[in-house]
Amino acid sequence: MTMKQIKSTGKMMRKTCQPKINVADEKIDPLNEGVFIEEKEVMCYIACIMKMANAVKNNKLNYEAAMKQADILFPEEIKQPAKDAITACRKVADSYKDICEASFFVTKCIYNHNPAIFYFP
């Protein structure tokens, strides 16, 4: 997929998750600038997107599934850096029982690992 296609798919995912979680644009738009607002609805919005992206299985983050999705979906130029970031952040989720919190802190770690390639719908 191209970045344009990824962003288009992201819009569709956002249209599903945003009303379900009831989170305002002002709280999730800043994610792409690395501003992670530590509030439950932001955390659960991220978890919702990750579930839709098949990176969450049985209410747990699934490293293998995330790597597979990166291989299938990401454009060549960001594929390896994205997989490196996913690998670097793989253990972050172990510190959290709640899937919303785990998703939030793993996503924040991925951003911090490589802000240049980060995109979140």
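Trainee: Which element gives the largest share of the lining of the largest pocket?

Mentor: This is a predicted model, in which local features need pLDDT of at least 70 and side-chain atom pairs pLDDT 80 or more, while totals for chains, interfaces and linings use all residues. Residues are numbered from 1 along each chain as its sequence is written, and side-chain values use heavy atoms, leaving out hydrogens and water. A pocket is an open set of points on a 1 Å grid over the protein atoms alone, with protein on both sides within 12 Å along at least five of seven lines, and its lining residues have an atom within 4 Å of a point. The largest share of that lining, six residues, comes from α1.

Trainee: How far apart in sequence are the parts that the disulfide of Cys 17 and Cys 48 ties together?

Mentor: Cys 17 and Cys 48 form a disulfide (sulfur atoms within 2.5 Å) with an S to S distance of 2.0 Å, and the link is left-handed, at -80 degrees about the S-S bond. Because Cys 17 lies in α1 and Cys 48 in α3 (helices being DSSP runs, H or I, of at least four residues), the separation is 31 residues.

Trainee: Is the disulfide of Cys 44 and Cys 100 left-handed or right-handed?

Mentor: The sulfur atoms of Cys 44 and Cys 100 are 2.1 Å apart. Since the torsion about their S-S bond is about 105 degrees, this disulfide is right-handed.

Trainee: What is the pairing of the bonded cysteines in sequence order?

Mentor: The structure holds three disulfides, one of them between Cys 89 and Cys 109. Numbered along the chain, the bonded cysteines pair as 1-3, 2-5, 4-6.

Definitions and conventions: Helix = DSSP H or I, 4+ residues; strand = E, 2+ residues; numbered from the N terminus.
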